[in-house]
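The following exercises introduce a protein structure step by step. Please attempt each task before reading its solution.

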Amino acid sequence: NSSPVGVWESANRSALIVVNVSTFLPMFDDGDPMIGNWEKDGSKLCLSLATGAKSCFSYQQKVDAMKLDNAIYIRQ
């Protein structure tokens, strides 16, 4: 499955939940969830929060492992 849809967790226990074709929920260390939209743009994954903030990360995925910049996430 090469889609980023799923529940992802990094070694530092931060999580990213990619819900469907455009929605995601990042979970931060303080426990506060946020909601926003995501899109793949070539080799980048761009996350746009409802607050208007947008971040793009270099993106690589091999089935159940995803790398955003230097952070590695494993699909749960």
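**Exercise 1. The chain as a whole**

Among contacts in the protein chain between residues at least 6 apart in sequence, what percentage join residues at least 24 apart? Describe also the strands, the burial and the surface of the chain.

Solution. The model is a predicted one.
- Step 1: of the contacts between residues at least 6 apart in sequence, 27% join residues at least 24 apart.
- Step 2: the protein chain has eight strands and zero helices, which gives the pattern β-β-β-β-β-β-β-β along the sequence.
- Step 3: the chain has 76 residues, and 29% of them are buried.
- Step 4: about 4800 Å² of the protein chain is exposed, with carbon and sulfur atoms supplying 54% of it.

**Exercise 2. The partners of strand β8**

Determine how β8 is joined to β1 and to β7, and name one bridge partner in each case.

Solution.
- Step 1: strand β1 (residues 6-10) and strand β8 (residues 71-75) run antiparallel and are joined by three bridges. Here S10 has Y73 in β8 as its bridge partner.
- Step 2: strand β7 (residues 65-68) also runs antiparallel to β8, with four bridges between them. In this pairing, A65 stands opposite I74 in β8.
- Step 3: β7 and β8 form a hairpin with two residues between them. In the turn, D69 has a positive phi of about 55°.

**Exercise 3. The disulfide**

Find the disulfide, state its handedness and explain which parts of the chain it ties together.

Solution.
- Step 1: one disulfide is found in a search of the whole structure. The sulfur atoms of C46 and C56 form it, 2.1 Å apart.
- Step 2: the torsion about the S-S bond of C46 and C56 is about 110°, so this disulfide is right-handed.
- Step 3: because C46 lies in strand β5 (residues 44-49) and C56 in strand β6 (residues 54-62), the pair ties together parts that are ten residues apart in sequence.
- Step 4: C46 has a relative accessible area of 3% and is buried, whereas C56, at 37%, is partly exposed.

**Exercise 4. The surroundings of R75**

Is R75 buried or exposed? Identify its polar contacts as well.

Solution.
- Step 1: R75 is found in strand β8.
- Step 2: the relative accessible area of R75 is 15%; because buried means under 20%, R75 is buried.
- Step 3: the side chain of R75 makes a polar contact of 2.7 Å with the side chain of D64.
- Step 4: a polar atom of the R75 side chain also lies 2.8 Å from the backbone oxygen of V63.

How values were computed: Residues numbered from 1 in each chain as written. Predicted model: local features only at pLDDT ≥ 70, side-chain atom pairs only at ≥ 80, totals over all residues. Heavy atoms only, no water. Pairing = 2+ DSSP bridges. Disulfide = S-S within 2.5 Å. Buried < 20%, exposed > 50% of the residue type's maximum accessible area, 1.4 Å probe, protein only. Polar contact = N/O pair within 3.5 Å; in protein donor to acceptor, adjacent residues only side chain to side chain. Contact = heavy atoms within 4.5 Å. Areas by Shrake-Rupley, 256 points an atom, 1.4 Å probe, with all protein chains shown as cover.
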